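The following note collects points for a colleague who wishes to read this structure closely. It takes up the nonpolar interior, the pockets and the charged pairs in turn.

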Amino acid sequence: MAVYKEKTVMKSVVEYQRKAQEALAGKPEGTGSSDREIVDDILKNVILQEEAEQRGLMPTEEEVEQYLQETVYAAYAMPEGKEGIDAYCASAGITYEEYVENLRDQAPRVLAKGKLKEAIAEEYCQSHGLTYDRLNTPQEALDAVEEYMSNLLELHKEEITYYIS
């Protein structure tokens, strides 16, 4: 459905993402995001991961395991968390083990994206004479991060070929 450099976004991946988004949101099948919106989200994640790798911001295996422990394992240990995860797995047609493996596969991108956002906010603060505090980031820096994210596809448009409208 699209190509960025040598990475191809396949229709099967878009369909999987759609099903996952709809299941998480509790929406009926076919009522989620458009193909283009999903493709753009996937491309943004690919570009963000690429930049995080270039900056040396990819998480360690220990960070991935900690993330899983703090999110899925902790949630699954509580009755309401287990119920929600089991309901999601049922609607997505996957087992709990497959759910965990999917999260394990996604965790490096999620964590790298967070690290990259922090790095951009910190760089903004340094270049504008602001004090950077991860827990209390100045609104100006947060706005700069959002602007960067919203312009990401535009910055790389010459490297993207779409096969959808």
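1. The largest nonpolar core holds 28 residues, and Val9, Val14, Val39 and Leu43 touch the most other members. Strand 1 (2–4), helix 2, helix 5, helix 6 and helix 7 (152–155) are the elements that give two or more residues to this core. The model discussed here is a predicted one.

2. Val39 deserves inspection as one of the core residues that touch the most other members. With neighbours within four places in sequence left aside, Val39 is in contact with Met1, Ala2, Val9, Val14, Tyr162 and Ile164. Two of the residues just named, Val9 and Val14, also appear among the core members that touch the most others.

3. A second core of 16 residues is separate from the one above, and includes Ala23, Cys89, Ala92 and Leu111. Leu111 also belongs to the lining of the second largest pocket.

4. Which residues does Leu48 contact beyond its neighbours within four places in sequence? They are Lys113, Leu116, Tyr148, Met149 and Leu152. Leu48 itself lies in helix 2. Its relative accessibility is 4%, so Leu48 counts as buried. For orientation in the viewer, the C-alpha atoms of Leu48 and Gln139 are separated by 22 Å, and the two residues are 91 residues apart along the chain.

5. Is Glu51 buried or exposed? Glu51, which is placed in helix 2, has a relative accessible area of 14% and is therefore buried, the cut-off for that class being under 20%. Outside its neighbours within four places in sequence, Glu51 is in contact with Leu116 and Tyr148. Leu116 and Tyr148 are also among the contacts of Leu48.

6. The largest pocket has a volume of about 1000 Å³. Its lining comprises 31 residues, and Gln17, Asn45, Gln106, Arg109 and Val110 lie nearest the centre. Helix 1 (11–25), helix 2 (35–54) and helix 5 (96–127) each supply at least two of the lining residues. Helix 2 accounts for the largest share, with 10 residues. By residue class, the lining divides into 17 nonpolar, 6 polar and 8 charged residues.

7. The second largest pocket contains about 210 Å³ of space. Pro59, Glu63, Gln66, Tyr67, Glu70, Leu111, Gly114, Lys115, Glu118 and Arg134 line this pocket. Helix 3 (61–76) and helix 5 each contribute at least two residues to that lining. Here the division is 3 nonpolar, 2 polar and 5 charged residues.

8. Two of the residues that line the second largest pocket, Glu118 and Arg134, form a salt bridge, with their closest N and O atoms 3.3 Å apart. Glu118 is in helix 5 and Arg134 is in the loop between helix 5 and helix 6 (139–150), so the pair ties together parts that are 16 residues apart in sequence. Glu118 counts as partly exposed at 33% relative accessibility, whereas Arg134 counts as exposed at 56%.

9. The model has 15 salt bridges by the rule applied here. Side chains of opposite charge can pair when their charged atoms come close. One of the salt bridges joins the side chains of Arg104 and Glu65, at 2.1 Å from N to O. This pair links distant parts of the chain, with Arg104 in helix 5 and Glu65 in helix 3, 39 residues apart. Arg104 is partly exposed, at 23% relative accessibility. Glu65 is likewise partly exposed, with a relative accessible area of 30%.

10. Where do the partners of the Glu15 and Arg18 salt bridge lie? Both are in helix 1, 3 residues apart, which is about one turn of the helix. The closest N and O atoms of Glu15 and Arg18 are 3.4 Å apart. Glu15 is partly exposed, with a relative accessible area of 30%, while Arg18 counts as buried at 13% relative accessibility. Glu15 and Arg18 also belong, with Lys11 and Asp35, to a network of linked salt bridges.

How values were computed:
Residues are numbered from 1 along each chain as its sequence is written. This is a predicted model: local features need pLDDT of at least 70, side-chain atom pairs count only at pLDDT 80 or more; totals for chains, interfaces and linings use all residues. Side-chain values use heavy atoms; hydrogens and water are left out. On a 1 Å grid over the protein atoms alone, a cavity is a set of points where a 1.4 Å probe fits but cannot get out, and a pocket is an open set with protein on both sides within 12 Å along at least five of seven lines; lining residues have an atom within 4 Å of a point. Grid points are joined across faces, edges and corners, and a volume is the space filled by probe spheres set on the points. Helices (H or I, at least four residues) and strands (E, at least two) are DSSP runs, numbered from the N terminus. Ala, Val, Leu, Ile, Met, Phe, Trp, Tyr, Cys and Pro count as nonpolar, Asp, Glu, Lys and Arg as charged, and the others, Gly among them, as polar. A salt bridge is a side-chain nitrogen of Lys or Arg within 4 Å of a carboxyl oxygen of Asp or Glu. Buried means under 20% relative accessible area, exposed over 50%, partly exposed in between (1.4 Å probe, protein chains only). A nonpolar core is a set of buried Ala, Val, Leu, Ile, Met, Phe, Trp, Tyr and Cys residues joined through side-chain atoms within 4.5 Å. Contact means heavy atoms within 4.5 Å.
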